[in-house]
Amino acid sequence: MKTYFSPTTALAVVVANMIGTGVFTSLGFQLMTLESGFALIMLWVVGGIVAICGALSYAELGAALPRSGGEYNFLGRIYHPGAGFVSGWISSTVGFSAPVALAAMTFGAYTASSVFPNASETMTNWVERGLAVALILVLTLIHTRQRETSGTFQSFFTAIKVVTIIVISAAGLILVTDYQPVSLLPEAGDIGAMTSGAFAVSLIYVSYAYTGWNVATYLTDELEVPQRSLPRVLFVGTLGVMLLYIVLNAVFLLTTPMELMVGEVEVGVIAARYVFGETGAMFTGAILGVLLISTVSAMTIAGPRVLQVVGQDIRTFRFLAKSNADGMPTTAVLVQSGLALLFVITATFDQVLVFAGFTLALNSLFAVLGLFVLRWRQPELARPFRVPLFPFLPLIYLALTIWTLAFVAMERPQEVAVSLGLIVTGVIIYGLSRSRTSTAEGT
């Protein structure tokens with residue numbers, strides 16, 4: 001008898017995928033070009049609205065085209081199998097492997113700075129990398145065993161994450177009596193800040209932090225009655241994370257001087273050090289490190305499902321479809337974890353963030369655009385869930401995403417070039433795999 005992930009587990013995967021590296025690191029990069037408290041908070045509001053519009057659009061696509069694989073499934077069935085393959089290529093290389101590496105590296109950074117605050121830079125780097133590698137290996141072992149064990153582990157650590165963020169935020173507001181001179185309400189000049197290139201580029205950091213709202217569509221085949229549960233999971237998960245993000249960043253800005261956070265990765269530890277003192281910061285940093293375990297875990301659950309369906313559809317990659325007796329995609333998990341370990345060894349943080357954010361936003365852009373194509377081509381297709389206020393919500397997502405991508409292309413052309421290079425590589429690999437398949441079938 002086939003076992004399924006419960007809606008609670010799917011919700012935990014969505015929340016854990018979203019709350020990860022981005023929210024604990026991106027504020028430092030945003031402060032390098034933006035100083036308006038209102039504009040900084042609006043980044044998370046706008047990013048949340050975009051994510052909710054995208055999530056509702058994906059809910060309709062997932063209910064109408066119920067199969068695991070996310071964008072691989074959507075783009076392949078709406079446009080062309082080649083488009084689906086390139087999307088799956090993006091998801092497997094950048095969509096999950098790179099974020100797994102970044103989250104594991106952040107876990108290592110937070111844990112190392114808390115446990116070894118006075119260590120030399122060389123030792124700290126070795127400890128950070130070692131912890132990141134160890135985390136990926138342990139979670140790979142957990143998620144190649146049984147679905148029940150995998151789901152229970154994910155739900156437990158996600159619950160810890162949500163409760164901890166709420167407690168830390170509340171404690172920060174209570175313990176600090178003299179708030180920073182920053183206004184979270186609109187002031188003169190804020191409109192200019194929100195229409196600037198700096199705001200658009202910062203929105204890429206935010207969109208990266210929101211990445212994961214679509215992750216339940218990667219598990220569609222492993223949800224019981226996905227047409228009913230998928231829309232609920234996507235909407236509730238995205239809205240809840242949006243509220244947590246706004247609160248957490250407001251706490252950072254109100255309690256900690258901006259100049260201490262500018263350009264820094266470990267914003268959470270810096271804020272904790274200012275609010276709770278050195279001892280409290282060590283404790284908080286360790287806790288924030290533990291919270292990232294659920295992020296790496298969730299991406300280790302979701303990402304390999306893309307590789308698995310690629311293996312099911314394309315003969316050249318059929319080895320990726322192999323699963324164990326409980327239906328866990330063991331080979332795909334091992335491949336994704338291997339790529340993540342490669343990123344841990346070679347990655348630079350800021351460039352990978354912008355590069356991954358741009359590529360994933362482009363991937364989702366074509367998926368939401370496919371909603372209009374599907375309604376036009378197959379108006380008779382059964383749609384158990386329809387996007388409310390259609391076409392306005394998908395159009396909001398498309399407009400804000402295109403605006404952001406255009407500014408990033410102008411401001412960060414190097415990362416965009418790497419992103420386009422990755423896409424072209426996917427096209428070439430698909431072409432080679434198809435020609436090999438055709439040759440094999442002809443012999």
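**Close-ups of a predicted model: cavities, a pocket and salt bridges**

**View 1. The second largest cavity and the residues around it.** Sixteen is the count to look for here: 16 residues line this cavity, and Ile168, Leu248, Phe252, Gly268 and Ala271 are the ones that lie nearest its centre. Keep in mind that what you're looking at is a predicted model. The second largest cavity comes out at about 140 Å³. Helices α7 (147–175), α10 (226–255) and α12 each put at least two residues into its lining. The biggest contributor is α12, with seven residues. Which classes make up this lining? Eleven of the residues are nonpolar and five are polar, with no charged ones.

**View 2. The largest cavity, with a volume of about 480 Å³.** Searching the whole structure turns up two cavities of 30 Å³ or more, and the largest has 36 lining residues. Closest to its centre are Ser207, Tyr208, Tyr210, Thr211 and Trp213. Plenty of helices take part: α1 (7–18), α2 (21–30), α3 (37–64), α5 (81–115), α9 (197–210), α12 (267–313), α14 (349–377) and α15 (392–411) each bring at least two residues to the lining. Which helix gives the largest share? That would be α9, with six residues. As for chemistry, the lining of the largest cavity splits into 18 nonpolar, 17 polar and one charged residues.

**View 3. Helix α9, buried along much of its length.** With 14 residues, α9 reaches 20 Å from its first C-alpha to its last, close to the 20 Å expected at 1.5 Å a residue. Twelve of those 14 residues are buried, so the rest of the structure largely encloses this helix. The buried set runs Gly197, Phe199, Ala200, Val201, Ser202, Leu203, Ile204, Tyr205, Val206, Tyr208, Ala209 and Tyr210. Two of these names, Tyr208 and Tyr210, should ring a bell from the list of residues closest to the centre of the largest cavity. Just after α9, zoom in on the backbone of glycine 212, which takes a positive phi of about 125°.

**View 4. The second largest pocket and its α9 wall.** About 200 Å³ of space lies in this pocket. Eleven residues line it, and Phe29, Thr33, Val201, Tyr205 and Arg412 lie nearest its centre. Helix α9 supplies the largest share of the lining, five residues. By class, the pocket lining has five nonpolar, three polar and three charged residues.

**View 5. Glutamine 30 in helix α2.** Is this side chain's residue buried or exposed? Glutamine 30 counts as buried, because its relative accessibility is 0%, and the cut-off for buried is under 20%. Leaving aside residues up to four places away in sequence, glutamine 30 touches Leu40, Leu43, Trp44, Ser202, Tyr205 and Val206. Ser202, Tyr205 and Val206 are also among the buried residues of α9.

**View 6. A salt-bridge network of Glu60, Arg375 and Arg383.** Start with arginine 375 and glutamate 60: their closest N and O atoms are 2.8 Å apart. This pair links distant parts of the chain, since arginine 375 sits in helix α14 and glutamate 60 in helix α3, 315 residues apart. Glutamate 60 also meets the side chain of arginine 383 in a salt bridge, at 3.4 Å from N to O. Arginine 383 is in the loop between α14 and α15 while glutamate 60 is in α3, so this pair ties together parts that are 323 residues apart in sequence. How accessible is glutamate 60? It is buried, with a relative accessible area of 1%. Arginine 383 counts as buried too, at 10% relative accessibility.

**View 7. The salt bridge between arginine 67 and aspartate 313.** The structure holds three salt bridges, and in this one the closest N and O atoms are 2.9 Å apart. Here again the pair links distant parts of the chain: arginine 67 belongs to the loop between α3 and α4 (71–78), aspartate 313 to helix α12, and 246 residues separate them. Arginine 67 is partly exposed at 21% relative accessibility. Aspartate 313 is also partly exposed, with a relative accessible area of 38%.

Technical notes. Residues are numbered from 1 along each chain as its sequence is written. This is a predicted model: local features need pLDDT of at least 70, side-chain atom pairs count only at pLDDT 80 or more; totals for chains, interfaces and linings use all residues. Side-chain values use heavy atoms; hydrogens and water are left out. On a 1 Å grid over the protein atoms alone, a cavity is a set of points where a 1.4 Å probe fits but cannot get out, and a pocket is an open set with protein on both sides within 12 Å along at least five of seven lines; lining residues have an atom within 4 Å of a point. Grid points are joined across faces, edges and corners, and a volume is the space filled by probe spheres set on the points. Helices (H or I, at least four residues) and strands (E, at least two) are DSSP runs, numbered from the N terminus. Ala, Val, Leu, Ile, Met, Phe, Trp, Tyr, Cys and Pro count as nonpolar, Asp, Glu, Lys and Arg as charged, and the others, Gly among them, as polar. Buried means under 20% relative accessible area, exposed over 50%, partly exposed in between (1.4 Å probe, protein chains only). Contact means heavy atoms within 4.5 Å. The expected span of a helix is 1.5 Å times one less than its number of residues. A salt bridge is a side-chain nitrogen of Lys or Arg within 4 Å of a carboxyl oxygen of Asp or Glu.
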